Amino acid sequence: MPLSLNEFISTIDARRKGDSQEALPPIQAIAHAEASLPVSLPDTGMGLECLKQHILDDLVPGFNRPNQSSNYYGFITGGSTEASLFADYIVSGFDQNAQVHAPKETIGGAVEDAALRLLQQLLCIDEASFPGRIFTTGATASNILGLSLGREFAVAEAGRRRSPPSISSVAQLGVVPACLQAGVRKFQVLTTLPHSSLYKAASVVGLGKNAVVSLPLSAEEPWRFDLDALERRLSDSAGVAHIIAISAGEVNTGRFAASREEMIKIRALADKYGAWIHVDGAFGLQARVLLPSESHSSIVDGIHSIHLADSLTGDAHKLLNVPYDCGFFFCKNLALQQAVFQNGASVIPDTAEIPSPHNLGMENSRRLRALPVYASLLTYGRIWHRTLLERQIELARTIATFILGSEAYELLPRNTDLKDVYMIVLFRARSAGLNDTLVSKLNASRVMYVSGSRWDGAPAVRLAVSTWRVDVKRDSARVISELEEATSKQVLF
Ligand SMILES: *Cc1c(COP(=O)(O)O)cnc(C)c1O
């Protein structure tokens, strides 16, 4: 008997809503789920009814709850808005292949283009300046796109600047012949405290993880670019192809690598030395929904001029709160993007008004992951997204204020002004004994969940506010009581 979409939605929603607000499932639920996993493929299937029961009764109770609990502060997971969930069911139900823009066959391609443009409007990214736009599987994939284009551009630029000039395309010739022709000996990806995926991207696109070089301003502000060091690197190194990768924001602290004024200088340096600028704004780009204000001035300053970059990474499954997996990538140079990602032998560029996604990114067959973004943007609008981020920042700052006033905890990085706090709170316990076990202690309650990290060579707790369910009063009270409890338990030991 065919199942209606309504039936699917109501069954799943009943499970999602009927649960507690705890961030993690009971450990027994995970054990039960694990014991229920089959070890061998059955010759005869169990049938849909049994399968449904198995998934809903055995597996689902063993899932963690970033989308149900507002106290899930690990990684930066976001949740899924009701609108985006509805759209996600539609995406699976109608199984559109969003590979080629085929306007006479399906509206899918036009929907993706509309969603990308609405997203650019939300984030105040000029549509005409960034015509290369595509949804990806996430920020890692977008960073791979960014470094691929940086590699293509920087090698070609080195070739153009030779005498006599050469036309050296990595996409066409391969890394080694193109670099030899352009006189490039090695690559450098100049950055500050990059996300781990930047190293992966450097590995995948053949630059090498060793090519990633961090140029921090100081030990106190390791997330900020040292522009003098940047210029020295760019000017000193003959035969080096450069990509400048801006962390906006940095994944531990949420802080931004370059101010509005500094981005202008970085752009000038990139133009002078033939470098490509890529911004990793996985969760930072969302800050472009904020209006300039006294309390958000430092965040707004850090994200203000990222449109001076050549390419931008963003994640919709983080602060935009759509289901996995959904990232995005914006690029100023559509022709270069098509040259690198052109699918098949043809080098004829897409001439349709809307370029086909399979010529813009890694995948050929792909999900219409644009629809959940489209749904959220239309359902809630610009102002809702702005006030959501404002509330997330307010919760982070309320928790940070508690930590600043507490004897037991220390807010990181040291000397953080509340005005610099975005939606991440980094902190540690002052007692080394408690600090070593703090993350596991907080998570052992299963009420809230935080990520463990390191800062200044010692363990630290990273609490990232990213869900649309945020409620400043309720959630701050919960977190503060858990933090107080962790220190009171300490006395017993
Ligand atoms: C999360 C994150 C990534 C990786 O994103 P995925 O969506 O997990 O691939 C990259 N950069 C930054 C700054 C991030 O926060």
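This briefing covers the internal cavities, one helix pair and one loop glycine. The model is predicted. It holds four cavities of 30 Å³ or more. The largest encloses about 100 Å³ of space, and the second largest about 60 Å³. Helix α5 (108–122) appears twice below: α5 gives the most residues to the lining of the largest cavity, and α5 also packs with helix α14 (residues 370–404).

**Largest cavity**

- About 100 Å³ of space lies inside this cavity.
- Its lining includes His101, Gly109, Glu112, Asp113, Leu116 and Pro131.
- Arg133, Ile134, Ile354, Pro355, Pro357 and Leu360 also line the largest cavity.
- Two elements, α5 (108–122) and β1 (132–136), give two or more residues each to this lining.
- α5 gives the most, with four residues.
- By class, seven lining residues are nonpolar, two are polar and three are charged.
- Among the charged ones are Glu112, Asp113 and Arg133.

**Second largest cavity**

- This cavity holds about 60 Å³ of space.
- Thr253, Arg255, Leu411, Leu412, Pro413 and Thr416 are among its lining residues.
- Asp420, Val421, Ile424, Val425 and Leu426 line the second largest cavity too.
- Strands β8 (409–412) and β9 (424–429) each supply at least two residues of the lining.
- β9 gives the most, with three residues.
- The class count is seven nonpolar, two polar and two charged residues.
- Arg255 and Asp420 are among the charged residues here.

**Helix pair α5 and α14**

- The axes of α5 and α14 lie 9 Å apart.
- The two helices pack at an angle of about 30°.
- Angles under 35 degrees count as roughly parallel, so α5 is roughly parallel to α14.
- α5 passes α14 in a left-handed crossing.

**Glycine 174**

- Glycine 174 sits in the loop between α7 (170–173) and α8 (175–182).
- Is glycine 174 buried, partly exposed or exposed?
- Its relative accessible area is 24%. Buried means under 20% and exposed means over 50%, so glycine 174 is partly exposed.
- Glycine 174 and glutamate 152 are 22 residues apart in sequence.
- In space, the C-alpha atoms of glycine 174 and glutamate 152 are 10.0 Å apart.

How values were computed
Residues numbered from 1 in each chain as written. Predicted model: local features only at pLDDT ≥ 70, side-chain atom pairs only at ≥ 80, totals over all residues. Heavy atoms only, no water. Buried < 20%, exposed > 50% of the residue type's maximum accessible area, 1.4 Å probe, protein only. 1 Å grid on protein atoms, 1.4 Å probe; cavity = no way out; pocket = protein on both sides within 12 Å on 5 of 7 lines; lining within 4 Å. Points joined across faces, edges and corners; volume = space filled by probe spheres on them. Axes fitted to C-alpha atoms, helices over the stretch in contact; angles between N-to-C directions. Parallel < 35°, antiparallel > 145°, perpendicular 65-115°, else oblique. Left-handed = near helix turned anticlockwise from the far one by under 90°.
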